[in-house]
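Subject: Structure handover

Hi,

Here is the structure I promised to pass on. My notes follow below it.

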Amino acid sequence: MPSQQPNFPVPDVLIHVTATRPAKLWAIHAWQQVIQWCAAQGLSVGLVGSAPKIQKTLYNAGSIEDELLQTTALIDLRGQTSLLELAGAFLQTKAFISVDAGPLHIAAAVGCHTIALFGNDVDGDGASPMHLWKPRQPHVHLALSTFKCTLCQEHGFSNKSCLVPDHPCMSHLSSQQVIDYLRSLLKKVA
């Protein structure tokens, strides 16, 4: 996949927190815990995505990105890359963490160590059509939920929001699981 050098220093870890379906979003407190863990390790973390207005309009950002930027040491890189520059950033970062969205697949394509937050269980049941869309490269690690739910599948993934109170498929995907994956990945790239 072609790439270009971005015009900013690339943080140690990049994240993408939004998606076209709110059913695929991970809780803000979980993101905060991962970002705070990174900061405690001396790792910089950057937020990638479209410009903030587009993120809110098309990608269900709501206030999650603003709140993360206000409550953590997150670096705002939204709207600062073309797709080629985003690919270039993925080539330079140590790791990328993302919900099921376009940047996840770009990172996987360029070989970036990636943690994919699908909200699906070990059988593939959950918020995303994981069997269809999951990247299959060995450098992509799937963070799986401990909650079994087939409602999104039963609705052909046409439901925008979660059909169960408290969004259990994503809320049962723990920040500690993601931190453990990230710790393991960082040992490989050190």
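Which residues in H4 meet which residues in H5? On the H4 side they are Leu83, Leu86, Ala87, Phe90 and Leu91. On the H5 side they are Pro103, Ile106, Ala107 and Val110. The contact of H4 with H5 comprises nine nonpolar residues, no polar ones and no charged ones. Please keep in mind that this is a predicted model.

Now the geometry of that pair. Two packed helices are described by the angle between their axes and the distance between the axes. Helix H4 covers residues 83–92, and helix H5 covers residues 102–110. They pack at an angle of about 55°, and their axes are 9 Å apart. An angle of 55° falls outside the parallel, antiparallel and perpendicular ranges, so H4 and H5 are oblique to each other. Their crossing is right-handed.

More on H5. Its buried residues are Pro103, Leu104, Ile106, Ala107, Ala108 and Val110. What covers them includes H4, along with strands S1, S4, S5 and S6 (140–143). Just after H5 comes Gly111, with a positive phi of about 95°.

Next, the cores. The largest nonpolar core has 34 residues. Those with the most contacts inside it are Ile15, Trp26, Trp31, Ile97, Leu117, Val178 and Leu182. Several elements give two or more residues to this core. The strands are S1 (13–16), S2 (45–47), S4 (95–99) and S5 (114–117). The helices are H1 (28–40), H3 (64–71), H8 (168–171) and H9 (175–189). H1 gives the largest share, six residues.

Take Ile97 as a way into this core. What does Ile97 contact, leaving aside its neighbours within four places in sequence? Val13, Leu14, Ile15 and His16 are on the list. So are Trp31, Val34, Ile115 and Leu117. Val178 and Leu182 complete it.

There is also a second, separate core of 14 residues. Leu77, Leu86, Ile106 and Ala107 are among them. Leu86 in H4 and both Ile106 and Ala107 in H5 also belong to the helix contact described above.

Last, a residue at the surface. Is Asn7 buried or exposed? Asn7 sits in the segment before S1. Its relative accessible area is 63%. Exposed means over 50%, so Asn7 is exposed. Asn7 and Tyr59 are 52 residues apart in sequence. In space they are 24 Å apart, C-alpha to C-alpha.

Best wishes

How values were computed. Residues numbered from 1 in each chain as written. Predicted model: local features only at pLDDT ≥ 70, side-chain atom pairs only at ≥ 80, totals over all residues. Heavy atoms only, no water. Axes fitted to C-alpha atoms, helices over the stretch in contact; angles between N-to-C directions. Helix = DSSP H or I, 4+ residues; strand = E, 2+ residues; numbered from the N terminus. Parallel < 35°, antiparallel > 145°, perpendicular 65-115°, else oblique. Left-handed = near helix turned anticlockwise from the far one by under 90°. Contact = heavy atoms within 4.5 Å. Nonpolar A, V, L, I, M, F, W, Y, C, P; charged D, E, K, R; others polar. Core = buried A, V, L, I, M, F, W, Y, C linked by side-chain atoms within 4.5 Å. Buried < 20%, exposed > 50% of the residue type's maximum accessible area, 1.4 Å probe, protein only.
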